[in-house]
Amino acid sequence: MGFWFYILAVNLAIPIVMIVVGGKYAKKAPENLNGGSGYKTAPARKNRDTWEFANRYFGKIWRNTGWILLVPSFAAMLFVFGKDEAAVGRFGGIVCG
């Protein structure tokens with residue numbers, strides 16, 4: 001049973017990170033256009049305005065997608081509640097993928 005909770009936490013971590021990072025970028029784009037984070041495409045890095053628009057738009061999409069994925073990720077894991085570790089691990093890997 002403990003393994004199921006662990007796999008559930010791992011599967012829920014992905015949408016939660018998407019919500020947090022998306023919310024961060026939706027509010028404020030990263031300062032450095034060539035830094036280690038942000039939505040990095042050639043059109044997005046053309047100038048400061050396109051950089052901010054692209055990162056805010058990307059942030060909104062990621063935040064909304066994270067909220068959308070949160071419920072199905074949890075609901076899918078209910079199908080293997082109480083099953084053996086091998087089944088939980090395989091199914092959890094599929095959900096994570």
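Contact is taken here to mean heavy atoms within 4.5 Å. In the predicted model, Ser 73 touches Asn 11, Leu 12, Pro 15 and Val 95 by this criterion, residues up to four places away in sequence being left out of the count. Ser 73 itself belongs to helix α2. Its relative accessibility is 10%, and Ser 73 therefore counts as buried, the limit for that class being under 20%.

Among the partners of Ser 73 are Asn 11, Leu 12 and Pro 15, and these three residues are included in the buried set of helix α1. That set further comprises Trp 4, Ile 7, Leu 8, Met 18, Ile 19, Gly 22, Gly 23, Tyr 25 and Ala 26. The buried residues of α1 pack against two helices, α2 (48-77) and α3 (85-96).

Helix α1 covers residues 2-27. With 26 residues at 1.5 Å a residue, α1 should span 38 Å, and the computed separation of 37 Å between its end C-alpha atoms therefore agrees with this expectation. The helix nevertheless carries a kink of about 30° at Ala 13, shortly before the proline Pro 15. Pro 15 is also one of the residues in contact with Ser 73.

The largest nonpolar core consists of seven residues, namely Trp 4, Ile 7, Leu 8, Leu 12, Met 77, Val 80 and Val 88. Helix α1 makes the greatest contribution to this core, supplying four residues. Within the core, Leu 8 touches Met 77, and Leu 8 also touches Phe 74, again without counting residues up to four places away in sequence. In soluble globular proteins, nonpolar side chains tend to be buried together.

Six aromatic pairs were found in a search of the whole structure. One of them joins Trp 4 and Phe 81 in an edge-to-face arrangement, with 4.8 Å from centre to centre and 80° between the planes. This pair links distant parts of the chain, since Trp 4 lies in helix α1 whereas Phe 81 lies in the loop between α2 and α3, 77 residues apart. The two partners fall into separate accessibility classes: Trp 4 is buried, with a relative accessible area of 5%, whereas Phe 81 is partly exposed, with a relative accessible area of 43%. Together with Phe 5, Trp 4 and Phe 81 form one aromatic cluster. Trp 4 thus belongs both to the largest nonpolar core and to this aromatic cluster.

How values were computed
Residues numbered from 1 in each chain as written. Predicted model: local features only at pLDDT ≥ 70, side-chain atom pairs only at ≥ 80, totals over all residues. Heavy atoms only, no water. Core = buried A, V, L, I, M, F, W, Y, C linked by side-chain atoms within 4.5 Å. Buried < 20%, exposed > 50% of the residue type's maximum accessible area, 1.4 Å probe, protein only. Expected span 1.5 Å × (residues − 1). Bend = angle between axes of the 7 residues up to and from the residue. Phe/Tyr/Trp six-rings, centres within 6.5 Å; stacked < 30°, edge-to-face > 60°.
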